[in-house]
Amino acid sequence: MGAYYFLTSILPPLPVSLGDKLVTSFAEISRMARRHIHPADDLLLKAQLSVIDAANWENMEQERDYFLEGGNLTQEEMQKRQNIPNFIRIFLQEKERGIRRAYTGDRLWDLCYGSILERAEEEGCRYLIDYTVWEVELRNRMIALRLRESEKNAADYTIRPSNRSFDFTALVSQLDNQRNLLDKERVLDVARLKQIFHCQGADPFSLDAILAFISRAFIYSRWEKLMMRYDIHNFLYGGG
């Protein structure tokens, strides 16, 4: 994991606020990273970008006409099932046999996050390990929060529970005070941006810093699309 002085110098500045326009599209940022990533780190970058592939595959499975640019796979590759990663292959095999989950898409994300963590642990990528575990636990906590007044069992929708615990008390309190769905999403993404900063480490030229930048850029790109055209359905299903 070498120093990324050049790549860091050419990456564009990110917006100050959620909803502001990016100087460079996320798709182009992703291409820049893939073009200049060190060969030894290529699989880690692909692992991180696989969350976009998972989101696109879930959208395709649900017949949603929405494709996120910047992942490892093009829309054509997905439609033709070309170059699909192993976690999607496993998902398709399990789906043929029958996935015993309340929502089959949860198994797709379970496999996606599992593949990211496996690669990160093999390579010792601290950022991907720490942030992915946090994101998974946040997802599980939000599921429990949304189902707390229903008869559904949150455990049926939980993915990859870990032995690490995070205190989401303050975040949940903030969410409870919000009535607007978009305001809730903003609270969550602000929390994500803070956690990304916490996980990226002190070296601004490290691989961790590059991966953290890409995570932040992806969040800002979602909000940019939202401000360009109000489409809450596409926004909510636009990744993760």
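In which kind of crossing, left-handed or right-handed, does helix 9 pass helix 10? In this predicted model, the crossing of helix 9 past helix 10 turns out to be left-handed. On the helix 9 side, the contact is made by Leu-182, Glu-185, Arg-186, Asp-189, Arg-192, Leu-193 and Ile-196. Helix 10 answers with Ala-212, Ser-215, Arg-216, Ile-219, Tyr-220, Arg-222, Trp-223 and Leu-226. Helix 9 covers residues 181-199 and helix 10 covers residues 207-228. Their axes lie 10 Å apart, and the two helices pack at an angle of about 165°. Angles over 145 degrees count as roughly antiparallel, so helix 9 and helix 10 get that label. Two of the residues just listed also show up in another way: the charged end of Arg-186 sits over the ring of Trp-223, 4.5 Å from the ring's centre.

Helix 10 has another packing partner to look at, namely helix 3 (residues 42-61). Here the axes are 11 Å apart and the packing angle is about 15°. With angles under 35 degrees counted as roughly parallel, helix 3 and helix 10 are therefore roughly parallel to each other. Helix 3 passes helix 10 in a right-handed crossing. Leu-44, Leu-45, Gln-48, Leu-49 and Ile-52 of helix 3 make this contact with Leu-207, Leu-211, Ile-214, Ser-215 and Phe-218 of helix 10. Keep an eye on Ser-215, which is in the helix 10 list for helix 9 and also in the one for helix 3.

Now for the aromatic rings. Searching the whole structure turns up seven aromatic pairs. One of them joins Tyr-127 and Tyr-131, whose rings are stacked, with 5.8 Å from centre to centre and 0° between the planes. Both tyrosines belong to helix 7 (residues 126-146), and because they are four residues apart there, about one helical turn separates them. Tyr-127 and Tyr-131 are both buried. They also belong to a bigger picture, in which ring pairs link Tyr-127, Tyr-131, Trp-134, Phe-166 and Phe-168 into a cluster.

Finally, a couple of loop residues have backbone angles worth a look. Most residues other than glycine have a negative phi. Glu-63, however, has a positive phi, near 60°. Glu-63 is found in the loop between helix 3 and helix 4 (75-80), and its relative accessibility of 74% is why it counts as exposed. Arg-81 has a positive phi too, near 55°, and is placed in the loop between helix 4 and helix 5 (86-97). Arg-81 has 49% relative accessibility, so it counts as partly exposed.

Definitions and conventions. Residues numbered from 1 in each chain as written. Predicted model: local features only at pLDDT ≥ 70, side-chain atom pairs only at ≥ 80, totals over all residues. Heavy atoms only, no water. Phe/Tyr/Trp six-rings, centres within 6.5 Å; stacked < 30°, edge-to-face > 60°. Buried < 20%, exposed > 50% of the residue type's maximum accessible area, 1.4 Å probe, protein only. Lys NZ or Arg CZ within 6 Å of the ring centre and 35° of its normal. Axes fitted to C-alpha atoms, helices over the stretch in contact; angles between N-to-C directions. Parallel < 35°, antiparallel > 145°, perpendicular 65-115°, else oblique. Left-handed = near helix turned anticlockwise from the far one by under 90°. Contact = heavy atoms within 4.5 Å.
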